Amino acid sequence: SGPLGLGYSVYGDAHHFGPELQFGHVLGDAVDSPVLLIKTAWGGKSLYKDFRPPSSGGEVGKYYKLMISEVRDSLGRMETEFPFTKGAGYELSGLVWYQGWNDGVNPKTAVPEYEQNLVNLIKDVRMEFKSPKLPVVIGELTGPWVKADAGWDELRKAQAEAANRTEFEGNVAFVPTRNFVRKAENSPNPSHGHHEFGNAETYFLVGDALGKGMVKLLNTNTTIKDFGLKPYLRTSKALPHVENQTWKLVCGLPYNCHFQPWIELEAEPGQEILFNSSNPLVQYLTPTEKCTTRPGTQRYEAKNWVSGEGAIYTIPAGVKVKSVQYRETGFDTSFAGSFRSNDEDYNILWQKAARTAYICMRDHFYDCPDRERVGFWGDGTPELNQCFYVFDSRAHTLAKDLVLRPLQPKFYPGQHLEFLGDYGLWFYYLQTGDAESMRAIYDQTKTFLFDTYKFGNPRTWFDWGKEVKDTAVIETCFYYNCLGTLRKIAAISGHESDFPEIDRRLHEIQSTFDSKYWQGGFYKSSQVQEPDDRANAMAINVGLADRSKWNPIFENVLTKKTYSSCFFDRWVFEAMSKIGKQDYALMRMYTRYKTMIPASFTTLWEHYDRWWASHIDSFDEGSSLNHGWNPPAIFLSQTIAGVSPEG
């Protein structure tokens with residue numbers, strides 16, 4: 001008992017520590033409340049016999065019973081040992097299991113049972129402490145016997161398989177530690193292989209990994225899933241490989257993802273290995289990562305994640321690359337939705353849109369994962385929309401975060417209008433029924449619409465696309481839509497007293513819209529010389545264009561103008577579908593995406609084949625190949641398949 005530090009060891013001095021030291025620091029940094037660690041450890045004990053849990057049958061292990069007893073005793077003495085906890089209570093928050101050497105030396109009996117015995121131990125401990133979802137971290141057996149002739153490899157597989165049981169999804173994690181072993185000659189106790197030669201670095205790194213594994217399970221600081229190390233789909237050289245000059249190893253991934261390159265190599269000391277993505281745009285945010293070799297065989301993993309369809313390793317002359325892998329990570333959600341049609345082009349487009357949506361989410365919605373990672377409200381609108389059609393409900397967390405995010409009026413105010421109406425706030429409410437969040441954001445939304453937003457602001461961004469942009473009509477349509485949404489939120493949040501002012505503003509727009517902008521066959525303000533497909537589509541979508549105007553708009557504008565980018569085209573597609581022209585909407589979408597559909601890239605890029613108006617038929621070198629504002633998944637699911645809540 002006492003503050004965490006050195007000296008809690010069997011040796012009774014201040015020169016030893018175990019994994020609990022750094023484990024405790026990681027947990028202490030991750031949670032606000034005090035953390036109590038209860039460590040039960042006896043050397044030379046097996047899970048097969050000494051820790052044998054009740055569910056495994058046979059005699060219950062003496063040390064299983066002693067472990068339970070010591071935990072209960074420690075909890076009973078907590079208020080005495082730590083008086084500041086008196087009356088505060090406690091929450092049993094996790095179990096770390098880091099053991100296995102004594103089972104590994106018994107490969108014929110103990111190792112074959114290890115996986116099931118570990119599963120039983122987890123279940124029995126949970127039952128004992130009435131905590132059915134108690135988070136459990138399984139630390140991989142470390143030790144210098146990585147390649148020894150015994151049951152080590154099979155035992156490690158058993159540990160990983162126990163954690164991968166479907167019944168443990170989301171609350172049990174396997175944490176690799178084998179790479180933390182250091183050589184005997186570089187350690188203070190060369191004869192103590194059973195204690196990793198007493199190497200402090202090993203114990204520190206083990207504790208750090210166990211702590212980070214537990215933090216992920218506790219969901220305190222992160223909702224990022226570690227998919228583990230995976231083999232590349234292909235490599236440009238057969239491995240192992242070495243050359244007498246600097247060379248590059250190019251590795252292909254199965255799809256565009258967030259990843260950290262990993263390498264096993266043999267080298268002389270002082271050589272520099274470079275890790276890169278095959279996507280050069282990642283260097284806007286993530287500089288080339290480097291590592292310097294030690295003598296002999298060694299493994300390295302990049303510290304920072306990058307994104308792309310492949311990895312590039314730059315290898316110095318004389319360095320032998322033995323194997324390479326990558327660690328994929330990403331927001332902890334799964335692809336739960338699907339779309340199938342009798343036209344494979346649309347199926348491919350939906351899949352690429354889904355993959356694009358996933359790579360553009362992590363700690364928040366990104367516009368893109370390579371160049372910026374900015375949480376724009378405009379880009380966030382289609383990303384929020386697609387969450388409910390592509391991913392499971394865990395993705396709703398990011399959607400809620402965006403809904404509750406404090407507005408930044410000077411940060412592209414037009415994007416706020418795109419989000420604060422039916423396409424953002426009300427879409428989220430219809431999908432979740434989260435009235436509490438609607439009540440929470442009502443005041444800031446009303447203030448933005450009534451007091452903050454100013455028409456004609458040059459910072460009012462609505463789209464890239466071509467510069468024939470009828471901003472006056474576009475922002476009037478979005479503002480009108482936002483007022484309608486504000487009225488609906490007022491109705492469910494107890495702000496009915498605001499109805500008269502909202503209705504007055506709605507009526508003012510509705511009663512003057514045609515006289516200001518209708519030109520006999522389309523809507524157009526004096527800002528532009530020809531009608532804009534974006535402006536006319538929004539007039540249909542928000543209900544300012546009555547049915548008598550639908551066909552003229554369709555004939556004069558929507559079938560003739562393609563000024564919108566792939567961001568704004570979602571509203572053109574939706575307008576065409578609203579007036580019964582779904583076939584034309586599908587054809588327009590196919591025509592605009594026709595080079596992305598057969599491309600080898602697994603995601604949809606930022607612009608179509610053209611950049612904005614000043615660079616017709618060119619592709620900007622800064623254009624992302626995976627941009628979150630692409631709408632096919634939401635359009636095909638919600639509008640074409642017709643799956644949508646009513647309200």
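Let's start with one residue, Ser69, which counts as partly exposed because its relative accessibility is 42%, and that value sits between the 20% cut-off for buried and the 50% cut-off for exposed. Keep in mind that you're looking at a predicted model. Ser69 is part of helix α2, which covers residues 62–76. Now jump along the chain to Phe259: these two residues are 190 residues apart in sequence, and their C-alpha atoms are 43 Å apart in space.

Phe259 falls within the numbering of strand β6, residues 247–267, so let's go to the strands next. Strand β10 spans residues 306–315, and 9 of its 10 residues are buried, which leaves the strand mostly covered. What joins β6 to β10? There are 9 bridges between them, and the two strands run antiparallel. As one example, Trp247 has Ile315 in β10 as its bridge partner. Strand β7, residues 272–277, also runs antiparallel to β10, and 4 bridges join this pair. Here you can look for Leu274, whose bridge partner in β10 is Thr314. While you're tracing these strands, it helps to know that side chains in a regular strand alternate between the two faces of the sheet.

Now for the empty space. Rolling a probe the size of a water molecule over the atoms shows where such space is left. The structure holds 3 cavities of 30 Å³ or more, and the second largest has a volume of about 60 Å³. Which residues line this second largest cavity? Among them are Pro261, Phe275, Asn276, Glu289 and Val306. Its lining is made up of 5 nonpolar residues, 4 polar ones and 1 charged one.

Note on methods: Residues are numbered from 1 along each chain as its sequence is written. This is a predicted model: local features need pLDDT of at least 70, side-chain atom pairs count only at pLDDT 80 or more; totals for chains, interfaces and linings use all residues. Side-chain values use heavy atoms; hydrogens and water are left out. Buried means under 20% relative accessible area, exposed over 50%, partly exposed in between (1.4 Å probe, protein chains only). Two strands pair if DSSP finds at least two bridges between them. On a 1 Å grid over the protein atoms alone, a cavity is a set of points where a 1.4 Å probe fits but cannot get out, and a pocket is an open set with protein on both sides within 12 Å along at least five of seven lines; lining residues have an atom within 4 Å of a point. Grid points are joined across faces, edges and corners, and a volume is the space filled by probe spheres set on the points. Ala, Val, Leu, Ile, Met, Phe, Trp, Tyr, Cys and Pro count as nonpolar, Asp, Glu, Lys and Arg as charged, and the others, Gly among them, as polar.
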